[in-house]
Amino acid sequence: MTVRAIFFDAAGTLIKPARRVGESYAAIAAKHGKEVLASDIAARFRACFDGAPRLAFPGASEHSLSQLERDWWRQLVARVFEPWAPFDRFDEYFSELFAYFAQPGAWALYPEVSGVLSALKERGVILGVISNFDSRLLGILDGLGAGPSFEQVFVSSRMGYAKPDPRIFHAALARHGLKSHDAIHVGDSATNDLLGARNAGLRGVLVDRDNPRWSADRDRITSLREIVSLLDD
């Protein structure tokens, strides 16, 4: 099989927060009069994020998308802080928090990303991003120097579908005139990325940097550096 395109997830695959999410939430909250432990916020954030509706707005107009994205995150962050209510300066807090995570400096590329993208570009592979994220991702990737490597960045909020819905994968393929067997999708979520891609007909690859490989499964990797060798399979 000749691989013509590789799509990547973003957060947890290409990029990570420059500091832990709980630490950022807690540090900014303290500036607005709310003292919380970073560890408590981290646990609460994960629970609320996992239970939130998908970050996708089918049929939304271009004019309304920015506000829809912001409202989605505001509702999520409000749920995160429910155990510490009331939060009198929440609106000020959320505005700063939302703006903070739009800054490239709030994020970092994983160390191997730049080299891997360069090696793949040299092979003539189409590179793209398929992410359950919002419009801020484009500026983040550009600011970190990775944006120019990708021919297209597909974010769920704008596509109207979120992984693992196969329609977001199919839309990305269609944009490039590709068939499902032409592409690999790489991500850190077994549900959204590995199984989502497979259910859409793509080869799904799971990156798990925290666990050494325990088998000869070529679709489970511990570093994006292993992607280059997959092209020779």
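**Pocket, sheet and two unusual bonds**

Reader: Which class is the most plainly listed for the lining of the largest pocket, and how many residues are nonpolar, polar and charged?
Author: Keep in mind that this is a predicted model. Sorting the lining of the largest pocket by class gives 15 charged residues and seven polar ones. The nonpolar class has the number 28.

Reader: How much space lies in that largest pocket, and which residues are closest to its centre?
Author: The space comes to about 1,500 Å³. Around it, 50 residues form the lining. Closest to the centre of the pocket are A11, F45, R46, F49 and D188.

Reader: Which helix gives the largest share of the lining of the largest pocket?
Author: Several elements supply at least two residues each, among them strand 2 (15-17), helix 1 (21-31), helix 3 (62-80) and strand 7 (203-207). Helix 2 (38-51) is also one of these elements. With eight residues, the largest share belongs to helix 2.

Reader: OK, on to the sheet. In what order do the six strands sit, and which are the edge strands?
Author: The sheet is open, its pairing is parallel, and the order reads 5-4-1-6-7-8. An edge strand pairs on one side only. That describes strand 5 and strand 8 (220-221).

Reader: Which residue of strand 6 stands opposite F8?
Author: Look at strand 1 (residues 5-8) and strand 6 (residues 183-187), which pair in the parallel sense over four bridges. F8 belongs to that stretch of strand 1. Opposite F8 in strand 6 stands V186.

Reader: How does the chain get from strand 4 to strand 5, and is the crossover right-handed or left-handed?
Author: Strand 4 (residues 126-131) pairs with strand 5 (residues 152-155) in the parallel sense over four bridges, and G128 stands opposite Q152. Between these strands the chain passes through helix 6 (residues 136-143). Helix 6 lies across both strands, at about 140 degrees to strand 5. This β-α-β crossover is right-handed.

Reader: Where are the cis peptide bonds that join A85 to P86 and K163 to P164?
Author: Most peptide bonds are trans, so a cis one deserves a look. Between A85 and P86, omega is about 0 degrees, while between K163 and P164 omega is about 15 degrees. P86 lies in the loop between helix 3 and helix 4, and P164 lies in the loop between helix 7 (156-159) and helix 8 (166-175).

Note on methods. Residues are numbered from 1 along each chain as its sequence is written. This is a predicted model: local features need pLDDT of at least 70, side-chain atom pairs count only at pLDDT 80 or more; totals for chains, interfaces and linings use all residues. Side-chain values use heavy atoms; hydrogens and water are left out. On a 1 Å grid over the protein atoms alone, a cavity is a set of points where a 1.4 Å probe fits but cannot get out, and a pocket is an open set with protein on both sides within 12 Å along at least five of seven lines; lining residues have an atom within 4 Å of a point. Grid points are joined across faces, edges and corners, and a volume is the space filled by probe spheres set on the points. Ala, Val, Leu, Ile, Met, Phe, Trp, Tyr, Cys and Pro count as nonpolar, Asp, Glu, Lys and Arg as charged, and the others, Gly among them, as polar. Two strands pair if DSSP finds at least two bridges between them. A crossover is right-handed if, with the strands pointing away from the viewer, the path from the first strand over the helix to the second runs clockwise. Contact means heavy atoms within 4.5 Å. Axes are lines fitted to C-alpha atoms, for helices over the stretch in contact, and angles run from 0 to 180 degrees between N-to-C directions.
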